[in-house]
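Student: I am new to this structure and would like a close look at a single part of it. Please pick one residue, describe its surroundings, and then work outward from there.

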Amino acid sequence: MMSTEQTSVSRRVEQVRFRNKSLRASGVKRRANVWKNILDDICDQCSLHGLNHIIRDDRSTGEKVFWTMTVMCAILFATYAIIESWNTYDKSSIDTVVETTFLSYTDIAFPMLVICDSSRVDWKRVTQLTERDLPGIDSNLLPAVKKVLKTFSVLSYGDFDEFEELSNVTELSKINHLNLTELLLKVMRPCDDVFLPKGCWWNFKQVNCCEIFELQRTEFGLCHSFNSDFSEYGRVRVGENSGLIGTYWQTESGEFRPRKSSDKGQWSGIRAHISPITPEQIAPNVNAKPSIRILMGEPRGAPLGSDMVVMAGNFGNINVWGDRIYNTQRTKKLKPKQRNCYFGDESSTGMGTNYYLRRNCRTSCYLFHMINHCGCYIEAMFGFMKQNDTLRPCNAEDLLCLSKKNQYFNNYIPFEQPSFFMKDKPGLKCECMPDCIHQMYIPELTIAEHTVSTIDNSSSSILIDLHFKQSACILYRSDLILGWLDLLVSFGGCAGLFLGGSLLSFIELIYFLTWRVYYHWRRTPLKSDKSKNNKKAKGRRIVTDTWTMDDCTNSKTSIP
């Protein structure tokens, strides 16, 4: 009786296992059928090329294998090309190309011209100073004042060791109240002394020199400049709005500044006859000769850069040329460090302008290094476009600090590659990125003997002619290699080249892998609903009957 019970239970367990195994096999077969139907749909109806050859009944097995391998290789190549396009887009690479080889200089601002005496201090004027010219100074302090003025004769930024001779002057504290800039203004040669009468021409027309040349603060001290926004007149007139390339402003007379030239060659730019400083006007023991220093560059920026020297009795012919480069607005979506430049409206500088310009940034860096080390700045060297009362001009005693720390001001350390330079030597470190819109002004100075002139004293005077060398320059454009639209076109090109597909083809794939999957899954059940219900009902009866028989058997065997 016990054996009969075990047989019945074993039979029941085997039936359940068989039923579960059958259900799993049916489920696997169902999934296989679904994916086969989906694959058939994709190959037969999708617009991607080559897929239909894989399932067609009139193709041999060899042909189907060939087309399968071909489509797989095409997918791999397309995927590789798309990944490369994405990497290029992700790197945000910039390419610079020539937009035109003929950008007329009539569309470009004429460069500024700065003229400085070889000695910015007229010693004759210094010797004529009296107590009436110096408020709060008695005659006993005049020698100390003259010694201070003498050190400014050939001073330039980074040459503050000229102030060493003031270390023995004990009266410096008594003249600290003097404004050094106003004092230097009294002892510099005025415009009428620097330029000869009727000695200037601008754009083929004779002009009054002192109407176009204005007082200018430079790294050499007080000078005279032409066409500069940072001149004393320009600072008052244009103020903090200077620095944006391509913008212009008007004077009271209606003239647009910065000025433009209408032609190239001599007489088309600025031409000036200059009377250099004489040996009698140079302070004793000062290393200077009758000559002038010349600075030129971007008219919207502070005067900064290498200077040129022309000796008395010579003609300085200065040919100017330079190309323009600009970044498109598409590159503006990148961070400044990615494109390695600033647009004008992305930053400001410490010179009081609302717009970024690299030369203004460099000038501001020089200024604040001076303030960080000595707590003041030489007012005659730096002109702010907006008044900054928080910064203190240097007084007489502060000059000794500049002399002691001169080593910090005459060594420039590039911010980008400091490891290539001496780390143990102090210096200037300025983080000033290039301009995204930049006009180059490159001078070529030719010196000739000044022999032919209608101006008096031509043997000792200096003639300067600054003009454009040619009528046009090259315009370069920097742009993203791939923008988002270019990336989309690149994806489409890769898909079209390797697969013959388009955007609609990929929409078709999404459709087949979503909506059609659901459709085929619903259309492919395990068995018909009727047979499945019958089987479930029958299975329930068998199990119930089995357990009923067992229960009856158990009950019968339990009777004694």
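**A buried arginine and what lies around it**

Tutor: Arg-259 is found in the loop between strand E8 (256-257) and strand E9 (270-274). Everything said here refers to a predicted model. Is Arg-259 buried or exposed? Its relative accessibility is 4%, and because buried means under 20%, Arg-259 counts as buried. The side chain of Arg-259 makes a polar contact of 2.7 Å with the side chain of Glu-255. Leaving aside residues up to four places away in sequence, Arg-259 touches Ala-109, Phe-110, Trp-202, Ile-212, Phe-226 and Asn-227.

Two of the residues that Arg-259 touches, Phe-110 and Trp-202, lead to the aromatic rings. The model has 21 aromatic pairs. One of them joins Phe-110 to Trp-202: the ring centres are 5.1 Å apart, the planes stand at 70° to each other, and the pair is edge-to-face. Where in the chain do Phe-110 and Trp-202 lie? Phe-110 is in the loop between E1 and strand E2 (112-117), while Trp-202 is in strand E3 (residues 195-202). The two residues are 92 residues apart, and the pair links distant parts of the chain. Phe-110 has a relative accessibility of 1%, so it counts as buried. Trp-202, with a relative accessible area of 11%, is buried as well.

A further edge-to-face pair consists of Tyr-157 and Phe-382, with ring centres 6.2 Å apart. Why does this pair count as edge-to-face? Its planes are at 85°, and planes over 60 degrees apart are given that name, so the label follows. Tyr-157 lies in the loop between helix H5 (142-151) and helix H6 (180-187), and Phe-382 lies in the loop between helix H11 (358-374) and helix H12 (398-404). The pair therefore ties together parts that are 225 residues apart in sequence. Both Tyr-157 and Phe-382 are buried. They also belong to a cluster linked by ring pairs, whose members are Phe-152, Tyr-157, Phe-160, Phe-163, Tyr-366, Tyr-377, Phe-382, Phe-384 and Phe-409.

Arginines also sit over rings in this model. Arg-271 lies over the face of Trp-267, at 3.9 Å from the ring centre. Arg-362 lies over the face of Tyr-412, where the distance to the ring centre is 4.4 Å.

Back to strand E1, which precedes the loop that holds Phe-110. Ser-104 is found in E1. Because its relative accessible area is 19%, under the cut-off of 20%, Ser-104 is buried. A polar contact of 2.7 Å joins its side chain to that of Thr-106. Apart from residues up to four places away in sequence, Ser-104 touches Ser-471 and Ala-472.

Which sheet does E1 belong to? E1 is part of an open sheet of 4 strands with mixed pairing, in the order E1-E19-E13-E16. Strand E1 (94-104) and strand E16 (437-439) are the edge strands, each pairing on one side only. On average, neighbouring strands of this sheet are turned by 15° against each other, direction ignored. Strands of a sheet pair through backbone hydrogen bonds, either parallel or antiparallel. Strand E13 (residues 324-327) runs antiparallel to E16, and 3 bridges join the two. Arg-324 has Gln-439 as its bridge partner in E16.

Note on methods. Residues are numbered from 1 along each chain as its sequence is written. This is a predicted model: local features need pLDDT of at least 70, side-chain atom pairs count only at pLDDT 80 or more; totals for chains, interfaces and linings use all residues. Side-chain values use heavy atoms; hydrogens and water are left out. Two strands pair if DSSP finds at least two bridges between them. Axes are lines fitted to C-alpha atoms, for helices over the stretch in contact, and angles run from 0 to 180 degrees between N-to-C directions. Rings of Phe, Tyr and Trp (its six-membered ring) pair if their centres lie within 6.5 Å; planes under 30 degrees apart count as stacked, over 60 as edge-to-face and the rest as tilted. Buried means under 20% relative accessible area, exposed over 50%, partly exposed in between (1.4 Å probe, protein chains only). A charge sits over a ring if NZ of Lys or CZ of Arg is within 6 Å of the ring centre and within 35 degrees of the ring normal. A polar contact is a pair of N or O atoms within 3.5 Å; within protein, one must be able to donate a hydrogen and the other to accept it, and residues adjacent in sequence count only if both atoms are side-chain atoms. Contact means heavy atoms within 4.5 Å.
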